[in-house]
Amino acid sequence: MSIDLPWSREIAELYESGATSQFVLYGNISDRFVIPGKEEASLGGLPEYLEGVLLSGFDLVLSYDLGNGVRIEKGGELMSNWPTFKESPRFPRKPREAFEMLTHYLRYQVNLKRLKKSDPQIAVIIKAANLLIPDVRGVSNHELSSIALQFRDWGSDSAIGELRLATFLLTENLNDLHHLVVSQPRTAKIEVSLPSVDGMTKALEVLLGSAPDALEEYKDDLSIPAGQLRGATLSAVEQLLLRRQHRKEPIRGDDLAELKKELVEQDAPGLIEFIESDRSLDKVYGHDAVKNWMKQDIALWKKGDLTAMPMGYLLCGPVGTGKTYLVECLAGDAGVPVVKFKNFRDRWVGSTEGNLEKIFALLHALGRCIVFIDEADQALGKRDSGSGDSGVSGRVYSMMAKEMSDTRNRGRILWILASSRPDLIEIDLKRPGRIDVKFPLFPAEEPKEAFQLIRALCGKYGVEIGEESFDEFQDMLPELVTAGAAEALAVKVYRLIKTEGKSALDALKACLDGYRNPISPEVLRSQIRMAIEEATDVEFVPEAMREIVG
């Protein structure tokens, strides 16, 4: 059988070289996989893939899960010769008793091998291992610790090591598994990745037989939809195609992007969302130095010239300066998926870390993408979080720091953090190699600049304010007008026009008369000062702003 998945090749190499025989498989373990057959390939779950591909030459394959207990998947005649099985052919279902029974059987095979009576290849697959031996750090649970130690013994015990044995624990998230297992040096932790374009293409070849109408438009080149659907699971794609086939609706080129968005968000519910935008950076008023830098980076990215590509950006500046809007406009120019982190934090122990694992796996599968984390000072955790959150914040920090500094991601993942309080983001997360460029965004300080910003946002709502009207409003314009405040003014102007029948100029005068900035000048100046201190290049800081803080 061919072993054509990177993670399965790694398992085969580790086992055949004798480096290790114990594996924890995590990540995309609940997906479907292409299983080669004598006549034609099929799709099946991970246990079926292991049995049909990696373990096809093994003599005995056993599995265990809470629902089904111990099952003989292959090689029942070997088990039937075991005296204990002859006496009591029913296997225990409870975890501890089941692990003890399996350990007993493995030691029985060790004795047979030493007597030169038998030397079979044996595999044991433990499904949903996180339910059997979950992570319970800080809680004393002798039962779970006993099971975890038994599994460790399968990989470290010198006697059991004499067997031709391969053991597998399956768990969606590595952080959900008992730390005694995860920390075992001889246990290989293997991430089962989302399908590559090549893997998706092979799966579509299999699905073409059951969904010919759905794939009619691409039957001659399935790599096209495979590339567009990268980042989705095969399970989600299979469901989509079968529904389309039932309705006799072929997939068209113009709906592949939307389908991918739906499928990926379905696989990571509530954790991420795609930012789709028909805007461009040319729609952003002001911030010219920032826009030019971003445009140059996007041009390099599109050419494949990655040497000067940054690992990440930090957008900092007062509340309302348009950080999120700038990212939305960048999304329109980038030509790559732009993913926004949502609420990945969870109240359950280990769930937050598991959610992050799932997000990272998705980002790796997408290929080139931009990742946007708003309110980064709140989302990214702290190196030392104390005991108030059971250490979750510290573990989030550690996971984010590791992922953001992975140099293999340069040119593949561009991180964008946004915050009005960059001083609250851990210094290590802002260092070069994680965040290479820090862009400060400022409110309008000069009256002319403030007028043009308000005028531009009024135009967004169909309210025309002539440029020649500046002199009339010059003395009424407030200081430090942010994009958010200007948009609120524009909405108020529109409302007065519609509800009181005022002209555009009279409505604007009414709004500016007695206007109070929604954010106090002291807070704005403090946040401006922090943004200036963070800026990586003086060209990003206008002269007027340098004078404000002295």
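Okay, a definition before anything else: when I call two helices roughly parallel, I'm using a cut-off, and angles under 35 degrees count. Keep that one in your head, we'll need it in a few minutes. And the usual caveat: what you see up there is a predicted model.

Let's start with the sheet that runs β5-β4-β6-β7-β1-β8. That's six strands, an open sheet, and the pairing is mixed. Who sits at the edges? β5, residues 69–74, and β8, residues 187–192, each with a pairing partner on one side only. Going from one strand to the next, the twist averages 20 degrees.

Now zoom in on β6, residues 121–126. How many of its residues are buried? Six of six, so to speak a full house. Strands like this have a simple logic: in a regular strand the side chains alternate between the two faces of the sheet. Here Gln 121, Ala 123 and Ile 125 point one way, while Ile 122, Val 124 and Ile 126 point the other way, and all of them are buried.

What about the neighbours of β6? On one hand there's β4, residues 60–65, which runs parallel to β6 and is joined to it by five bridges. If you want a place to click, Leu 62 has Val 124 in β6 as its bridge partner. Then there's β7, residues 164–171, also paired with β6 in the parallel sense, over six bridges. There, Ile 122 is partnered with Leu 165 in β7.

So where does the "mixed" come in? Look at β4 and β5: five bridges, but in the antiparallel sense. Asp 65 has its bridge partner in β5, and that's Gly 69.

Quick detour to helix α9, residues 197–207. Its buried residues are Gly 199, Met 200, Thr 201, Ala 203, Leu 204 and Leu 207. What do they pack against? Two strands, β2 (33–35) and β3 (42–44), plus two helices, α10 (223–228) and α11 (234–246).

Right, second sheet. The order here is β9-β11-β12-β13-β10-β14, again an open sheet of six strands with mixed pairing. β9 (272–274) and β14 (437–440) are the edge strands, each pairing on one side only. Ignoring direction, neighbouring strands in this sheet are turned by 20 degrees against each other on average.

Inside it, β10 (residues 312–316) and β13 (residues 413–419) pair in the parallel sense over five bridges. Cys 316 stands opposite Ser 419 in β13.

Helices lie on this sheet too. α13 goes across β10, β12 (369–373), β13 and β14, at about 145 degrees to β14. α15, residues 351–366, packs on the sheet as well, touching β9, β11 (338–341), β12 and β13, and its direction makes about 175 degrees with that of β11.

Last stop, and here's where the cut-off pays off. α13 (residues 288–303) packs with α14 (residues 323–334) at an angle of about 30 degrees, and their axes are 11 Å apart. Since anything under 35 degrees counts, α13 and α14 are therefore roughly parallel to each other. The crossing is right-handed.

Which residues meet there? From α13 it's Val 290, Met 294, Ile 298 and Lys 302, and from α14 it's Leu 326, Leu 330, Asp 333 and Ala 334. By class, that contact splits into six nonpolar, two charged and no polar residues.

That's my tour. Questions?

Notes:
Residues are numbered from 1 along each chain as its sequence is written. This is a predicted model: local features need pLDDT of at least 70, side-chain atom pairs count only at pLDDT 80 or more; totals for chains, interfaces and linings use all residues. Side-chain values use heavy atoms; hydrogens and water are left out. Buried means under 20% relative accessible area, exposed over 50%, partly exposed in between (1.4 Å probe, protein chains only). Helices (H or I, at least four residues) and strands (E, at least two) are DSSP runs, numbered from the N terminus. Two strands pair if DSSP finds at least two bridges between them. Axes are lines fitted to C-alpha atoms, for helices over the stretch in contact, and angles run from 0 to 180 degrees between N-to-C directions. Angles under 35 degrees count as roughly parallel, over 145 as roughly antiparallel, 65 to 115 as roughly perpendicular and the rest as oblique. A crossing is left-handed if the near helix is turned anticlockwise from the far one by less than a right angle, and right-handed if clockwise. Contact means heavy atoms within 4.5 Å. Ala, Val, Leu, Ile, Met, Phe, Trp, Tyr, Cys and Pro count as nonpolar, Asp, Glu, Lys and Arg as charged, and the others, Gly among them, as polar.
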